[in-house]
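The following note sets out comments on the model, point by point. It begins with the nucleic acid contacts and then turns to the protein chains.

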There are 2 protein chains.
Amino acid sequence: MPATMKDVAHLANVSTSTVSRVLAGHPAISAETALRVREAMAALSYQPNQIARSLSNQTTRTIALLMPDPSASPLMNAFFVSAIRGVMTYARKNGYYLLLTYPENNDTETLVRDLVGSRRTDGVILTTVIKDDPALTFLIAQNHPHVVIGHPYDDQNTLWVDNDNQAIVYEVTSRLIQQGCRNIAFLSGADEFRVTLDRQQGYLNALHDHDIPVNPDLIHRSRFIETLAAEATREILKTCLPDAVIATDDTLAVGVEKALREFHYEHNVAVVGFNNTLVAQFVRPALSSVEINAEQLGYYAAKLLISHLEGIDLHIRHYLIDAHFIERESSRPKAKRKK
Amino acid sequence: MPATMKDVAHLANVSTSTVSRVLAGHPAISAETALRVREAMAALSYQPNQIARSLSNQTTRTIALLMPDPSASPLMNAFFVSAIRGVMTYARKNGYYLLLTYPENNDTETLVRDLVGSRRTDGVILTTVIKDDPALTFLIAQNHPHVVIGHPYDDQNTLWVDNDNQAIVYEVTSRLIQQGCRNIAFLSGADEFRVTLDRQQGYLNALHDHDIPVNPDLIHRSRFIETLAAEATREILKTCLPDAVIATDDTLAVGVEKALREFHYEHNVAVVGFNNTLVAQFVRPALSSVEINAEQLGYYAAKLLISHLEGIDLHIRHYLIDAHFIERESSRPKAKRKK
DNA sequence: TTGAAAGCGCTAACAT
DNA sequence: ATGTTAGCGCTTTCAA
């Protein structure tokens, strides 16, 4: 049995409240007693029971990070791994523990209710944004501290971090147009996610501003799985040959390249991915990709949450994380002319 | 303020002990009262306070997963990501939460002491094995439930899961020898990790069994970072041209290929990686790699730990997870002859 | 079948 | 500057 505060109090000949006070660094404690208490703690290698502390405090120094349901998106694709890394780093540095979890049967609401109701965590970070998210509604209603990675529809009552998805896709699309592309396909994730809609809007706006008509056959959505992207690409190739494809995940982009290669179009079609994963550097042709700095998204999400938990007012309710286009061979005009 | 047991007891006109009993599914409770209590719970949308429960129970239904210190190995390389995924999946399915953390200043002992002392978790999973690991020693001394991913030196007092690292490297090395390789380089992680030594032993045994002398210049160790592997390769190339390189992580293998390419040796040297990551499929030449099934390692680690926590005797104290060699272009003789 | 009461280990208001 | 005491919300022994 590990030592308790009581044991320490006995040994140091003080009351438990005194022990509690030295632990808390309370000022009104004489140097001598503080020393005695510390010695007693050391002698017994005392460690405070955080559970007891939590019960008394109503605080756990633990935050929860909710991943998407693995049935909706592969558990921990590169984006989420980076985000976790960022969250973990900030949390650890600030003395918070990280509870990593995901919903079952896509039921995020039940998970959040459980997390909040059980009082295991002080706050939660959500990693997806959908319309009328019941989990988010619940968090807002309960006034439970939370941060969303992604731009929530109701951005008044929640803290959030995101890239400017519309702008970055606008930029990429415009760039391709400048290179002479006119038939630009757009492959993205499920349209229940706001990130999908934002990016698509950036794409549409760019086409519009350059007077390029929208061809619905060039717009596809799927889960972030390579084979699905290959499938979609073959589908598109049945009706026309696009001169560029923007895919909102490198995994998708790789699937696109694979399908293009089947028809020997790999050098005729510019391809751009997202998330700048390792594969982007290694596929041939090297894949142009949008670096969204997912690690920073996670880091700032944790920062926003933890600052809020500690009552620190950052005078800011969201962070917009820089994203930038990394051009590689797969979308460079010269590469395409090579053939 | 969320409802407490007391509120439920009031509403149902019973004592808190009765509420506690229905919650626990205690048999000696009349059907009527049980019903009344359940209704009261529903009416108040009562959720038990897990912290209070934990304090009373001395149990948290949370397990900790310790990652390596990011200063020693990049935080969450592919191996660990897969392992996390496996642990998380099993834990979630069995109603356990996952606390993800890592030591600071490489001080795993302090972290483990804190984790155990604070009673935040019911058990911990370690992901690295070093000699005389103080963290492991502490866990054994405290008799605190734990599982190690990797084969611990003291395998009597801990549960563990691992691949048969020696055997798989023996197999890969022998294969390369059969293909005619005689100068096989071996690049691996830090030799403080047992996995490094085991794999190296497999390599040495294979050489020995085929009467090939060991050339120490061909054996290098480094952190799992691409550039370091490239560096090591250049170092080796100064003194001799190996006909094969075994690298115990795909990241290293990629660095090797990069260095080989600088000297236009990429088609003359067989290269084998480990962990069968995505890049292995996409680099050119496609990288042969050992699939160690890290996700299964994590899954079975969690299974071992949780079964132990629940007092279920699996009649087994470790799992040996299958690993197998996936041969691709980078090590195939024909590919090498191409040039 | 149910309730009363003690206890899990800590914190904090109140008292001295 | 320190001790006393009453919780925090639950479980569980003991008694009825």
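1. In this predicted model, 25 residues lie around DNA strand C, and those that come nearest are Met5(A), Tyr46(A), Ser56(A), Thr18(B) and Arg21(B). The atoms of strand C within 4 Å of the protein are 67% sugar or phosphate, the rest belonging to bases.

2. Several polar side-chain atoms can be placed against the phosphates of DNA strand C. In chain A, Tyr46(A) has a polar side-chain atom 2.5 Å from a phosphate oxygen of this strand, and Ser20(A) has one at 2.7 Å from a phosphate oxygen. From chain B, a polar side-chain atom of Thr18(B) is 2.4 Å from a phosphate oxygen of strand C. The elements that give two or more residues to this surface are α2 (16–24) and α4 (50–57) of chain A, together with α2 (16–24) and α4 (50–57) of chain B. The most is given by α4(A), with four residues. By class, the surface near strand C comprises eight nonpolar, 14 polar and three charged residues.

3. DNA strand D is surrounded by 25 residues, of which Ser17(A), Arg21(A), Met5(B), Tyr46(B) and Ser56(B) are the closest. Sugar or phosphate accounts for 62% of the atoms of strand D within 4 Å of the protein, and bases for the rest. Eight nonpolar, 14 polar and three charged residues make up the surface near this strand.

4. The polar pairs with DNA strand D involve both backbone and base. An N or O atom in the side chain of Thr33(A) is 2.7 Å from a phosphate oxygen of strand D, and a polar side-chain atom of Arg53(B) lies 2.9 Å from a phosphate oxygen of that strand. At a base, the side chain of Ser56(A) places an N or O atom 3.3 Å from a base nitrogen of strand D. At least two residues of the surface near strand D come from each of α2 and α4 of chain A and α2 and α4 of chain B. Here α4(B) gives the most, with four residues.

5. How are the two protein chains related? A turn of 180° and a shift of 0.1 Å along the axis lay chain A on chain B with an RMSD of 0.2 Å. That is the relation of a two-fold axis. The same surface serves both copies, since 100% of the contact residues of chain A recur in chain B.

6. Helix α9 of chain B, residues 194–209, has 16 residues and reaches 22 Å from its first C-alpha to its last, close to the 22 Å expected at 1.5 Å a residue. Its buried residues are Arg194(B), Thr196(B), Asp198(B), Arg199(B), Gln200(B), Gly202(B), Tyr203(B), Ala206(B) and Leu207(B). These buried residues pack against α8 (165–178), β6 (184–188), β7 (219–221) and β9 (270–274) of chain B. After α9(B) comes Asp211(B), with a positive phi near 55°.

7. Ile246(B) belongs to strand β8, residues 244–247 of chain B. Ile246(B) counts as buried because its relative accessibility is 0%. Neighbours within four places in sequence aside, Ile246(B) is in contact with Val172(B), Thr173(B), Leu176(B), Ile184(B), Ala185(B), Phe186(B), Leu187(B), Val272(B) and Phe274(B). The C-alpha atoms of Ile246(B) and Ala270(B) are 8.3 Å apart, with their positions 24 residues apart along the chain.

8. Is Thr277(B), a loop residue, buried or exposed? Thr277(B) lies in the loop between β9 and α12 (278–282) of chain B. With a relative accessible area of 14%, Thr277(B) is buried, because buried means under 20%. Apart from neighbours within four places in sequence, Thr277(B) is in contact with Ala78(B) and Asp250(B).

9. In chain A, Val172(A) lies in helix α8, residues 165–178. Val172(A) is buried, its relative accessible area being 1%. Not counting residues up to four places away in sequence, Val172(A) touches Ile246(A), Val272(A), Val290(A) and Phe325(A). Asp217(A) is 45 residues from Val172(A) along the chain, and their C-alpha atoms are separated by 20 Å.

How values were computed: Residues are numbered from 1 along each chain as its sequence is written. Chains are lettered from A and ligands numbered from 1 in the order in which they are written. This is a predicted model: local features need pLDDT of at least 70, side-chain atom pairs count only at pLDDT 80 or more; totals for chains, interfaces and linings use all residues. Side-chain values use heavy atoms; hydrogens and water are left out. Copies are superposed by least squares on the C-alpha atoms of residues with pLDDT of at least 70 in both. Contact means heavy atoms within 4.5 Å. A residue is near a molecule or strand if one of its heavy atoms lies within 4 Å of it. A polar contact is a pair of N or O atoms within 3.5 Å; within protein, one must be able to donate a hydrogen and the other to accept it, and residues adjacent in sequence count only if both atoms are side-chain atoms. Ala, Val, Leu, Ile, Met, Phe, Trp, Tyr, Cys and Pro count as nonpolar, Asp, Glu, Lys and Arg as charged, and the others, Gly among them, as polar. The expected span of a helix is 1.5 Å times one less than its number of residues. Buried means under 20% relative accessible area, exposed over 50%, partly exposed in between (1.4 Å probe, protein chains only).
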